[in-house]
Amino acid sequence: MSVSRRTLLTTAAGAAVAASAGPSTLASAATPDGSDQASVTRTLRQAADYAVAKLGAVAPGVTAFPVGTKFEKWTYSQNGDWVGGFWPGQLWLAWLHSGDDRFKTLALASAEKLAPRQNDTGTHDLGFLFYPSWVTAWRLTGDEKWRAGAVQAASSLIKRYNPAGRFIRAWGSLSDPNNAGRVIMDTMMNLDLLAFASAQTQDPRYLEIAVAHAKTAQRNFLRPDGSSPHVFDFDPVTGAPIGPNTVQGYSPTSCWSRGQAWGVYGFTTIHRRTGDAEFLTTARRLADFALSRLTPDHVPVWDYLAPQAPNDVKDASAGVIMACGLLDLAELTHRPHYRESALRILTAVSRTCLTTKSARAEASVARCTRNRPAEDGVEVSLPYADYYLLEGILRVLDRRKADRAIDLSSV
């Protein structure tokens with residue numbers, strides 16, 4: 001098929017998707033407080049159907065890894081950057097939701113392109129890269145190569161562990177002294193790859209490193225009010241704490257909402273893998289702070305403590321990530337208000353943040369902010385927002401399907 005014809009078909013399909021699930025339809029399907037369960041379910045199903053239809057229209061023409069949008073069109077990385085796992089991850093979730101084998105074929109082809117990254121020791125993001133792509137591929141197909149590749153990625157990740165400070169270094173090659181003592185909240189989401197590797201190999205050191213890092217983060221990131229900085233720096237030689245910092249938040253004393261969401265989800269997950277009650281307490285404190293800062297529209301601002309908050313630029317990706325963690329918290333603590341909050345966030349994003357008005361848009365979720373201090377990707381679409389929207393909705397509509405993909409079990 002020629003590029004021009006494929007583009008024409010993709011645009012036409014996008015227009016058809018937008019017309020079939022317009023914002024007025026989604027808005028009318030949920031009450032403002034999310035109390036009508038039937039309406040909420042209908043809203044979430046329509047949002048998932050829209051996201052899957054959008055993927056069905058766009059994905060056949062995608063040959064690299066989407067990293068964010070510019071003027072509503074995806075921009076790409078050839079090696080996946082840190083977000084490469086979310087594209088095959090979305091495709092797997094679309095397959096589970098729809099049963100359409102086209103998505104399985106596309107997911108396998110996309111995941112295969114990440115193969116060289118399993119030996120990458122220059123990043124902490126190997127969990128983001130390999131869990132939603134290769135671990136999920138193994139769980140859904142049983143093909144040994146996906147399991148082995150994910151374990152190899154975990155072996156690469158633990159080379160970044162600093163035993164003096166008991167943390168996994170975030171950024172920079174192992175030979176680069178810059179950022180050698182820098183830890184970021186996002187790493188909490190990479191730890192489940194290590195838990196997977198220990199479970200598969202019966203080698204405890206992967207999980208031991210994950211737990212050590214989580215305890216270091218718990219001790220240093222959590223403030224008395226439950227907020228957190230994006231970054232915490234340590235002396236890389238002695239491991240001594242230096243203090244909080246930020247890259248994507250407003251300041252070292254602010255609270256970047258996506259980092260807070262990574263913490264909610266990440267600490268809940270490490271609790272599920274270990275049974276450590278302190279991790280669950282930490283997740284609750286992070287969640288309680290974030291929920292206390294949500295505005296009535298239930299879509300997080302990009303930083304909860306920036307000067308313009310709560311009247312500031314939004315980050316819908318922070319909302320859908322946190323919603324997934326809140327659904328876990330509700331199950332683990334038997335406190336229904338966490339589930340109710342997750343449903344409000346998911347329905348709010350489904351009503352007000354989807355790209356349903358645009359035939360041009362290639363993503364499903366708009367109103368996301370990647371790095372506001374750098375003026376990089378302010379209120380755009382991001383691949384992890386599309387991924388976690390689908391994950392959150394699948395957790396609500398059919399938890400068994402979500403569990404097949406990502407393992408929602410607890411010890």
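Reader: How many disulfides does the count come to by this rule?

Author: Zero disulfides, by the rule that a pair of cysteine sulfur atoms must lie within 2.5 Å. Keep in mind that this is a predicted model, where local features need pLDDT of at least 70, side-chain atom pairs count only at pLDDT 80 or more, and totals for chains, interfaces and linings use all residues. Residues are numbered from 1 along each chain as its sequence is written, and side-chain values use heavy atoms, with hydrogens and water left out.

Reader: Why is Cys 353 too far for a bond?

Author: The closest cysteine sulfur, in Cys 368, sits 7.3 Å from the sulfur of Cys 353, so that is too far for a bond.

Reader: And what is the nearest cysteine sulfur to Cys 255?

Author: That of Cys 368, but it's 18 Å away, and Cys 255 is in no disulfide.

Reader: Why does Cys 255 count as buried?

Author: Buried means under 20% relative accessible area (exposed is over 50%, partly exposed in between; 1.4 Å probe, protein chains only). Cys 255 has 0% relative accessibility, so it counts as buried. Cys 353, at 1%, counts as buried too. Across the protein, buried residues make up 61% of the 411 residues.

Reader: What makes the protein as compact as a globular protein of that length?

Author: Its radius of gyration, taken over C-alpha atoms, is set against the globule rule: 2.2 Å times the number of residues to the power 0.38. The protein has 20 Å, close to the 22 Å the rule gives for 411 residues, so it is as compact as a globular protein of that length. Its C-alpha trace spans about 60 × 45 × 40 Å along the principal axes.
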